[in-house]
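Grab your viewer and work through these exercises at your own pace. Each one sets a task and then walks through a solution.

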Amino acid sequence: MNTVDEFDVVVVGAGISGAIIAEQLGSKGKKVLVLEAGSGTGDRFWNSSTSTGAGSGNGKKPGYESYMDTFFTALAKIPNAPYSNNPNAPQPLVTDLEPIAQNQTLTNGYFVQKGPLPFASTYTRAEGGTTLHWLGTCLRMLPEDFKIKTEFGRGLDWPISYSDLEKWYQVAEENIGVSADAAEQSYSNIPNKAVHIPYESGYNYPMEAIPQSYLDKYMSSGLRQMTVTLDGKDYPVDVVSTPQGRNGMPRGSYRPVGAVGDSDLGQRCAGNSNCVPICPIQAKYNALKTLAQAQKTHHVEIRTQCVAYNLEVDPATQHISKVHYKQYSDPNSPEHVCKTVKGKIIVLAAHAVENAKLMLASGVGNSSDQVGRNLMDHPTMLTWGLMPTKIGAFRGPGSTSGIPSLRGGDFRRNRAAFRIEIGNWGWSWPEGAPVGTVPDLIDQKNLFGAQLKQTIASVYPRMFRFGFLVEQLPDPNNRVTIDPTYRDQLGNYRPVIDYDVSDYTRAGMAAAKQVSDLIFQRLGVEGFTEYKPSDPGYLTYQGQGYTYNGAGHLVGTHIMGSDSKTSVVNRDQRSWDHPNLYLVGCGNMPTIATSNPTLTMAALTYWAADNVYKALADM
Amino acid sequence: MDWLDDFYQLSAALTDYKVAQLQGTGVGEDYLEVLSTIIPHAILAELFGSYRSIVAENSATPTEQLIRDGILSNAKLGPVARNIIKMWYLSIWYQMPEDWRQLYGKPNQGDPKYQDVQFVVSRNAYIQGLVWQTLGSHPMGAKQPGYGTWGDKPSDRSSIVSTTS
C-alpha cells in the first residue's frame, strides 16, 4: 500500500525564500519538507572524497569547493559558470541570448523567447538558488516606491507601505548579515527628499559598512557638489556606499556566519573580487547558510533533485491537497520516479519564473489571469571608459558604492527612475576584460614583451564602468506562459517569454546616458561606451541606440494586491484562490523600483513565514 | 628532446617576465605539454631553434625587433608564439588560426590529452595567469588580498615586476 508523506509545510524551492520559510517554521517545531529541483552540495564545503570524515561517506560527494573547480576551468565565466547545466532542471544562461528577428522565436536556451526583445536575466537552479551568484546588494525600497500609482499615475500601488515592511527589513538584515550604516543609508544628507528613507531611531545594521573602493572615494571627491538638471529641476549626484550582504566588522555582540561546512572561512570578506559568480569563502551571504540553520532545527528535510510539476486541488475545499514531483538520480538521464507529498500548507518558493510555470502547469491560483504576467527586470545599461589615472580596477567586491540620488523624484511621472552602480571590476561586464580583451592586444594590436606588459599595467587599472539599473513598470503583456510544444528532458514545461521595454523605461535609459555623459565630462573619463545593433538588448529611443543587459532581478509574475481580480496573492502573500497556498519570492512584488529586489523579497518572506505560522495554528 | 629550458627562455622573451618568475608559477611544464601535444614537433624544434639562433647571433637579450623579424612575422612560427603568450597571460589555449591549421596542423591521432580547441589549461593555471599581476590585482576568485585592500591606492609603478634579466 502506498503511503504519502505528510508535512506541516511543503516548500517548493531551496533558494533564499524557501530557506527562510523552512528555517523560520522549523525553528518553531513545524515539520517542513523542501523540494529542490536542482542538485546540491548539502552541508559540505570540501568535496568529501578528499576530506576525511566529511560527508556521510557513501563514495564521492561534491562540496561547495566543486563549484570552484568548475568555475576556474570554465571558458565563459558567466554568472552560472560554476553551476553545471542540469538537463533535468535547466537554467537560462546569458550566452543563450541573441537579438530576436521580427516574428521569430529564440529557442536555443532554456527560455523560449518570443520577443520582441529578449528577456536578459538568468537564475540558478541548484540548492541555494541564485544567491549562490548574487552580488549581495541589500538596498531598501523608498517609501514612494510602494505607491507610484498614487504619486505619479504610473505602475501599481502595493497593498502595504514602507512602514508596514520596515520591521521585516530589520529581520532580513539581521539574518542575511548586512554591512552598512543606517545613518548613511537613510540618504538624509542627500538634497532630494524623494529618496529619503526613514530608519527606526537607534537601529543600525549588524555589521559596519564594507570599506569603499579606491574608485568610490576617487569618484566621491570628483563629484562633490555636482548636480544635474532633469526636466527643469536640479538633482544632486551623491556617491553613497551600498549596503551589502557580505561579512564585515561586526557591531556589538553580533557574530557573522562563516562558510557552511567550514565556519572558520568567510567570517569577513577577504577581497576575492569574485562575488559573482561565486564567493570562494562564502563571506558573501548565500541561502546555504539559512538552509544549514533550518536543518539544525531537526524539523526540516531537504530533498534535492526533486522537481515539483503538479499541484493537485481538492475540489471541495479548494485546498492544494497534494504536490506531485519527479525525483531523478542522474542529472544527465531523464529516468525518474513520480512521487507525491501532502502538506497542510504549501509554499511556492521556486523563483518568479518557476513559480508561475508550476501554477500554470497545474491550473491553480489564476482566477485573476495575472499568473506569469507583469514580468519585470532592471534593464541595465552600462557606460564605460578609462579614468585619467589608475583607480585600481579589478579589486574588491563587484560594487561597493552607487549613486542613489536619482532613485526618486517628480520625474517619475514622465520616465523611469534609476540607480547608478559603480563597478569595481573594470570592463569585465561590458567587454569581458581581461580574458576577453587581452587576445586582441596580442593578435590584432601586435603587442608582446615589454610593450604588452606595460599596456596592460598602465591601461587596465584605469578601466571603469557604470551600471544604470533602470526601473521597469508592470506590464501584463510581459509574461511567462507555457506551451506543450516546449518541454525539458523530464517532460516539464520550458518557460515561454514575451518581453518588451516600454518608452517609459527607454526614456529613463536616455536620461541615464545624459547623466553619464556629464559625469564623464566632469571626471575627464575617456569614453569607450558602444551600443551595437548586434547586441541582444539593443533598442532605440528618439533616434538614439542603447543596450540593456539583464540584472538578474526577476520580479512580478504573481503580484500581490488588494483586489483578487487584479492580483495573485493578498497582502499576507496567500493565494486568493487556495486557502493553504502561499507564494513567496520576487514574484510577489507589484513593482521593481530601483533597488535590487532580494532584500525586499527576504523581508516579505520573513513576514510570510509569520503568516504561515499563524495560519497553521488555526488548522 | 627536453625543451623545457628552451620553452622558458623563449617565454621570457615573449612575455618580458623573468625565467624565475615563469618557473615560479609552477605551470610551465603543463603549458609545454599542451604545446607539444598540439603543435607538430618539427615546428616546435624550428621555433626554439630560431630563438636560440637569434640569441647566439646577437645577445642573450635580443631586441624586440629581432624577435618580430625572426619569429612573430613568420607565418608558421608567429601564431605558435602568440599562443604561448596568451597561454601565459590567460591560461587558455586558443585554437590555432584556420589557415595555419590547414597548412601546418596535425590531425589528432588517437585520443590525445589536449586537442586544438579552446580550453582553460587547468584550475591552477587560471590562478597563475600573468594578466592578474600585470594589471595590479590578483586572479579573480583566488589569492585573496585581504579585507579592505580594495580601498588602498593602486601602485604607481607601471608594473609590479621588473623587466627580463
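**Exercise 1. The six-stranded sheet**

In what order do the six strands of the open sheet in chain A come, and is the pairing parallel or antiparallel?

Solution. Keep in mind that you're looking at a predicted model.
- Step 1: Read across the sheet and you get S6-S12-S13-S14-S11-S17 of chain A, with antiparallel pairing.
- Step 2: Look for the ends. Strand S6 (240–241) and strand S17 (526–527) of chain A each pair on one side only, which puts them at the edges.
- Step 3: Zoom in on one pair. Strand S12 (residues 401–403) and strand S13 (residues 418–423) of chain A run antiparallel and are joined by three bridges. In one of these strands, S13(A), Glu421(A) is the bridge partner of Gly402(A).
- Step 4: Add the helices. Helix H6 (residues 214–222) of chain A packs on this sheet and touches S6, S12, S13 and strand S14 (463–470) of chain A, its direction making about 125° with that of S13(A). Helix H12 (residues 503–523) of chain A lies across strand S11 (380–386), S13, S14 and S17 of chain A, at about 150° to S14(A).

**Exercise 2. The three-stranded sheet**

Find the edge strands of the open sheet S3-S16-S15 in chain A, and explain what being at the edge leaves them without.

Solution.
- Step 1: The pairing in this three-stranded sheet is mixed.
- Step 2: Strand S3 (112–116) and strand S15 (479–481) of chain A have a single partner strand each, so one side of each has no neighbour in the sheet.
- Step 3: From one strand to the next, the twist averages 20°.
- Step 4: Now check a pair. S15(A) and strand S16 (residues 496–499) of chain A are antiparallel, with three bridges. Arg479(A) has Asp498(A) in S16(A) as its bridge partner.

**Exercise 3. A helix tucked away**

Work out why helix H7 (residues 287–296) of chain A counts as largely enclosed.

Solution.
- Step 1: Seven of the 10 residues of H7(A) are buried, so the rest of the structure largely encloses this helix.
- Step 2: Name them: Ala287(A), Leu288(A), Lys289(A), Thr290(A), Leu291(A), Gln293(A) and Ala294(A).
- Step 3: Ask what they pack against. That's helix H1 (16–26) and strand S7 (300–303) of chain A.
- Step 4: Glance just past the helix, where His298(A) has a positive phi of about 65°.

**Exercise 4. Two domains**

How many residues of domain 1 of chain A are in contact with domain 2 of chain A?

Solution.
- Step 1: Set the bounds. Domain 1 of chain A covers 1–39 + 86–134 + 286–377 + 475–500 + 556–619, and domain 2 covers 161–246 + 380–471 + 502–547.
- Step 2: Their C-alpha centres lie 31 Å apart.
- Step 3: Count the contacts: 17 residues of domain 1 against 18 of domain 2 in chain A.
- Step 4: The domain 1 side splits into 13 nonpolar, one polar and three charged residues.

**Exercise 5. Where the chains meet**

Which helix of chain B gives the largest share of the side that touches chain A?

Solution.
- Step 1: 40 residues of chain B contact 41 residues of chain A.
- Step 2: Elements supplying at least two residues each to the chain B side include helix H1 (4–15) and helix H6 (78–90) of chain B.
- Step 3: H6(B) gives the largest share, five residues.
- Step 4: The chain B side has 18 nonpolar, 15 polar and seven charged residues.

Notes:
Residues are numbered from 1 along each chain as its sequence is written. Chains are lettered from A and ligands numbered from 1 in the order in which they are written. This is a predicted model: local features need pLDDT of at least 70, side-chain atom pairs count only at pLDDT 80 or more; totals for chains, interfaces and linings use all residues. Two strands pair if DSSP finds at least two bridges between them. Helices (H or I, at least four residues) and strands (E, at least two) are DSSP runs, numbered from the N terminus. Two residues are in contact if their C-beta atoms, placed from the backbone, lie within 7 Å. Axes are lines fitted to C-alpha atoms, for helices over the stretch in contact, and angles run from 0 to 180 degrees between N-to-C directions. Ala, Val, Leu, Ile, Met, Phe, Trp, Tyr, Cys and Pro count as nonpolar, Asp, Glu, Lys and Arg as charged, and the others, Gly among them, as polar. Domain bounds come from an automatic or database domain assignment. A residue is buried if 20 or more other C-beta atoms lie within 10 Å of its own, exposed if 12 or fewer, and partly exposed in between; C-beta atoms are placed from the backbone.
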